Amino acid sequence: MSSSEDYLSDESFRDRVGFITEDGKRKFIYPKKPSGKFYKYRTWLSYVLLTILFTGPFLRINGQPFLMLNILERKFVILGQVFWPQDFHLVALTFVTGVVFIILFTVAYGRLFCGWVCPQTIFMEMLFRKIEYWIDGDRGQQLRLASMPWNAEKIRKRLLKNGIFYLISFIIGNVFLMYIIGSEAWIKLVTDDPSKHIGGLTAMIIFSGVFFFVFAWFREQACIVVCPYGRLQGVLLDRNSIVIAYDRLRGEPRAKFRKNEDRSSAGKGDCIDCGQCVDVCPTGIDIRNGTQLECVNCTACIDACDAVMDKINKPRGLIKYASENQIANGEKWRFTGRLAFYTVVLTLLLGLMGFLIFNRVKVEATILRTPGQLYQAYEDGTISNVYNYQLINKTSMPIKAELRMIEPTEARIMLPGKEDLTFELTVQDIKKGAMFVYIPKEKLSSGKNTIKIGVFNGDELLDEVKLSFYAPIKK
Ligand code: SF4
Ligand code: SF4
């Protein structure tokens, strides 16, 4: 029997990863089917999240998609709010806020996201793996099937499983495509003449192929090798972060179970070295070695160990959600200085974002002086300057907008070829053109003046623009 310190000082497990054999080949992992309290909760949550994901492209808020990230056309719709290239500062701020939120959240709660919400884990564990258990059976049967020669049973099972995997990958690929181009464009893509949509159809095939490759073969390597979030865990987690941890003080020294033995009197820990926590792990690690990069916090080992503890009449929680400090010193969770710093930054960013979104104009007006034009003086004593305007309806409803002088009130606006100053802006409409502003000379100072033009909807001021207006220099 070894002591707890022997296990802790042996760091050789960090020299290898669960999915690679000693001679450097891919070792396919066949995790045991999980069951237990956490697996049940995760299954329910996954059904909710999958429903949202698959119905999301068809949901509308004020006629706009629930979520659309059209990188190609630089149009982003988040919760029905349309973001234009002019709103880039808001998109950038949302991105920065998201990153800071993830950092803060990880510092406090570890990889809770990976185990409960990450699409990779949900697709893999709650969709593809469940189909695999249904067709190939549990771990033992899967191992037997893998070592079998290619007989009729193996061919039939492999064809059936990969056929279903490809079908689901095709559906997922199409759903992701809808989040990029929108469900209407996707419907057009699949109902129109294929020769008109070669690019879109190619994207569809590539997406489906990538998802099939990831879920049928690549699997846990996506979390361990590719995912940047997973790779950042080493710098984000500290000893107060909540992770899935093995209580080594209670579990060690581990020793096999003997019926009717008083383990405490025999100097043995609660771990009976049954290997259930390892067999059930989808990334092939032994959580008893300590926190590891490969652990996606899927909770399967908690459920497996709790079932063992129930059988040997020991309290549950030998593997549990806890921080390193909690395990080592029996300390309570603490709000660290680093956590306080991230919280302040996050609160400030959220406040700023709320302010910008709340004050986001309904109609954005951009008015710029026409290059090369200074002013024009008329015999009646009026001076005119010429500008180029652009009005964008940022709402998801048609809106009436009128240009009005705010300062000086004696000034007059004229739009060439248009009798009035009102615009009927349809959803996401853009109106642009040239405009003249006339001001009586006596209301102007020599040279550069500042004027204000407003965009109104009835009495509501939608946007306001300050402009330079040039008059002749008085000698
Ligand atoms: S499942 Fe629990 S008792 Fe069994 S080896 Fe893992 S930690 Fe030890
Ligand atoms: S160690 Fe436990 S929580 Fe981590 S990936 Fe393996 S089974 Fe999941």
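Start with ligand 1 and select the residues around it. This is a predicted model, and the shell around ligand 1 holds 13 residues, of which C271, C274, G275, C277 and C305 come nearest. Two elements give two or more residues each to this shell: α14 (276–279) and α15 (300–311). Colour the shell by residue class, and it divides into nine nonpolar, two polar and two charged residues.

Next, select D273, in the loop between α13 and α14. Its phi is near 55 degrees, a positive value in a residue that is not glycine. Most residues other than glycine have a negative phi, and most peptide bonds are trans. D273 counts as partly exposed because its relative accessibility is 26%, between the 20% and 50% cut-offs.

Show the side chain of R288 together with that of D273. The two form a salt bridge, with the closest N and O atoms 2.8 Å apart. R288 lies in the loop between α14 and α15 and D273 in the loop between α13 and α14, so the pair ties together parts that are 15 residues apart in sequence. R288 has a relative accessibility of 10% and therefore counts as buried, whereas D273, at 26%, is partly exposed.

Stay in the loop between α14 and α15 and move to T299. Here again phi is positive in a residue other than glycine, near 75 degrees. Is T299 buried or exposed? T299 is buried, because its relative accessibility is 0%.

Go back to the loop between α13 (248–251) and α14 and select P253. The peptide bond that joins E252 to P253 is cis, with omega near -5 degrees. For a second cis bond, select E407 and P408, where omega is likewise near -5 degrees. P408 sits in the loop between β11 (399–407) and β12 (412–414).

Now select S241, in the loop between α12 (233–236) and β6 (243–246). With a relative accessibility of 0%, S241 counts as buried. Which residues does S241 touch, leaving aside those up to four places away in sequence? They are T106, V107, A108, L236, A322, S323 and E324. Display the polar contacts of the S241 side chain: one reaches the backbone oxygen of V107 at 2.7 Å. A polar atom of the same side chain lies 2.9 Å from the backbone nitrogen of D238. To place S241 against another part of the chain, draw a C-alpha to C-alpha distance to K32: the two residues are 28 Å apart in space and 209 residues apart in sequence.

Turn to salt bridges, of which the whole structure has 28. Select D23 and K25, a pair whose closest N and O atoms are 3.6 Å apart. D23 and K25 are both exposed.

Then select R26 and E220, whose side chains meet in a salt bridge at 3.2 Å, N to O. R26 lies in the loop between α1 (4–9) and α2 (37–55), and E220 in the loop between α9 (198–218) and α10 (221–226), so this pair ties together parts that are 194 residues apart in sequence. How do the two partners stand in accessibility? R26 is partly exposed because its relative accessibility is 23%. E220, at 6%, counts as buried.

A further selection takes in several charged residues at once: E132, D136, R158, K161 and R219 are linked in a network of salt bridges.

E132 and D136 lead to the last stop, helix α5, which spans residues 119–136. Show α5 as a cartoon and look at R129, on which a kink of about 35 degrees is centred. How many of the residues of α5 are buried? The count is 15 of 18, and the helix is mostly covered. Finally, select G137, which follows α5 and has a positive phi, near 90 degrees.

Definitions and conventions:
Residues numbered from 1 in each chain as written. Chains lettered and ligands numbered in written order. Predicted model: local features only at pLDDT ≥ 70, side-chain atom pairs only at ≥ 80, totals over all residues. Heavy atoms only, no water. Near = heavy atom within 4 Å. Helix = DSSP H or I, 4+ residues; strand = E, 2+ residues; numbered from the N terminus. Nonpolar A, V, L, I, M, F, W, Y, C, P; charged D, E, K, R; others polar. Buried < 20%, exposed > 50% of the residue type's maximum accessible area, 1.4 Å probe, protein only. Contact = heavy atoms within 4.5 Å. Polar contact = N/O pair within 3.5 Å; in protein donor to acceptor, adjacent residues only side chain to side chain. Salt bridge = Lys/Arg side-chain N within 4 Å of Asp/Glu carboxyl O. Bend = angle between axes of the 7 residues up to and from the residue.
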